[in-house]
Amino acid sequence: MYKRIILLVMDSVGIGHAADAAKFGDEGSNTLGHIESTAGQIHCPNLKSIGLGRIADIFDTGESIKGAFGRMAELSTGKDTTSGHWEMMGHPVTVPFPTFYEGFPKELMDTFTKETGYGYLGNEVASGTEIIERLGAEHIKTGRPIVYTSADSVFQIAAHEDVIPIDELYRICQITRDKVCIGDYYVGRIIARPFVGELGSFVRTSNRHDYSRMPEKKMVPQELQDANIPTVAVGKIGDIYAHVGWDESYPTKTNSHGMNMVPYLLGSSFERGLMMVNLVEFDSLYGHRRNVEGYKRAIEDFDYQLGGLLQLLNDDDLLLITADHGNDPTWEGTDHTRELVPILAYSPRIDGPIDLGDRKSFADIGETILENFSLKQWGIGTSFLDKLSK
Ligand SMILES: O=P(O)(O)O[C@H]1O[C@H](CO)[C@@H](O)[C@H]1O
Ligand SMILES: [Mn+2]
Ligand SMILES: [Mn+2]
């Protein structure tokens, strides 16, 4: 049994198309593999020391590996962030959240205006950075927020911080969550997308805020809370689980901020339990923006900080690293890709290399956490705890 489990989610770092990828138009996608084949060898010695080179299509130095590694497939029907994260914690999402490929119906948008008092611009499927440039001038002139969606089940509301102040944008989003997107329109997330700057060079800010659906089922963090086992969320984790199940939540501004938060918490208040960290920049800054070079650098930067973290872990710590879906920056469009994700495990106690094999569900992580803390397993996935101590 480990006293502390630290679960890092590298948002969107997939390792090759899943068996059901064709259904999503994603056959052949491969986030890590295509970053390396396009932008050159990814320098990530620490990830490789845990076994990343054995499971991803990247150059495998063949050096000795001290860790456990495997691939995980997703049971959930969607390839969105919520589905991926909820499945990890024992709640695969098999009834898809509603998506709106032609924008939202007029009826819904009328409700939006009635409840919030605001008109709107856009109401289409779009890339966030593109739509704010295209509709930004009109937005500034009219004061109307820009509404858009994507292949994900999201209702996104973009506004310049000087046109609609952040607190007001948050209020609009909260009303949309509570009174507009309900019933058949109960989307996965309402997302506040504030931006600043001048026309032609708008920049989105880290004041982004996500308003998730309420989970229908109990998830692993709540089970831990019921057993008085501490749970700590870092980055977007609190938002992704609608703040259900977490004793404490530490939002972050960047990947690097998240990776600094981990050692800080390990050295202070976090003595026992589960810490889950989401590192969103891989996805938001590089995957969706189809920025291959930037994605590569972000992995290398992460790996550098990971090196420091590995040094700090002791025999009572288990570090798990995974992803919630793919987002191949060389793929067509700007959406996520249906991929397998890595599962890497490290503890000074693990005498690797250990092959965790091909796993059927992200829920294997939740089951492993339950078993570690001597709680009854749910049988949604399969724990790999026994493999870690061979
Ligand atoms: O293009 P941007 O605004 O980054 O939006 C992306 O971010 C959303 C939430 O992660 C995704 O659904 C996708 O639409
Ligand atoms: Mn994600
Ligand atoms: Mn995304």
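Me: In E11, which residue is the bridge partner of Ala-233?
Reply: Heads-up: this is a predicted model, where local features need pLDDT of at least 70 and side-chain atom pairs count only at pLDDT 80 or more, while totals for chains, interfaces and linings use all residues. Residues are numbered from 1 along each chain as its sequence is written, and chains are lettered from A and ligands numbered from 1 in the order in which they are written. Strand E9 (residues 231-234) pairs with strand E11 (residues 273-279) in the parallel sense over 4 bridges (pairing takes at least two DSSP bridges; strands, E, at least two residues, and helices, H or I, at least four, are DSSP runs numbered from the N terminus). Within E11, Ala-233 is matched with Met-276.

Me: Which strands stand at the edges of the open sheet?
Reply: Going across, the 8 strands of this open sheet run E10-E9-E11-E1-E12-E13-E2-E14, with mixed pairing. Each edge strand has a single partner, so one side of it is left without a neighbour in the sheet. Those two are E10 (248-250) and E14 (354-359).

Me: What does the twist average from one strand to the next?
Reply: We're still on the open sheet of 8 strands with mixed pairing. Going from one strand to the next, its twist averages 15°.

Me: At what angle does H10 run to E11?
Reply: Helix H10 covers residues 255-266. H10 lies across E1 (4-10), E9, E10 and E11. Comparing N-to-C directions on a 0 to 180 degree scale, with axes as lines fitted to C-alpha atoms (for helices, over the stretch in contact), H10 runs to E11 at about 165°.

Me: How far apart are the axes of H10 and H12?
Reply: H10 packs against H12 (residues 292-312) at an angle of about 5°. The contact (C-beta atoms, placed from the backbone, within 7 Å) includes Met-259 and Val-262 of H10 plus Phe-302 and Leu-309 of H12. As for the axes, they sit apart by 10 Å.

Me: How many of the residues of E5 are buried?
Reply: Strand E5 (residues 154-160) is mostly covered, where buried means 20 or more other C-beta atoms within 10 Å (exposed is 12 or fewer, partly exposed in between, C-beta atoms placed from the backbone). Side chains in a regular strand alternate between the two faces of the sheet. Here one side has Val-154, Gln-156, Ala-158 and His-160, the other has Phe-155, Ile-157 and Ala-159, and all are buried. The buried count is 7 of 7.

Me: In E6, which residue is the bridge partner of Ala-159?
Reply: On the E4 (residues 146-149) side, E5 is joined antiparallel by 3 bridges, following a hairpin of 4 residues. With E6 (residues 189-196), E5 pairs in the parallel sense over 7 bridges. Ala-159 bridges to Pro-194.

Me: Which elements do the buried residues of H4 pack against?
Reply: Helix H4 (residues 81-88) is mostly covered, with 8 of its 8 residues buried. Among them are Thr-81, His-85, Trp-86 and Met-88. They pack against E1, E6, E8 (209-212), H9 (237-240) and H13.

Me: Is Ser-64 buried or exposed?
Reply: Ser-64 sits in the loop between H3 (52-55) and E2. Its C-alpha atom is 9.0 Å from that of Ile-50, 14 residues away along the chain. With 8 other C-beta atoms within 10 Å, Ser-64 is exposed.

Terms used. Contact = placed C-beta atoms within 7 Å.
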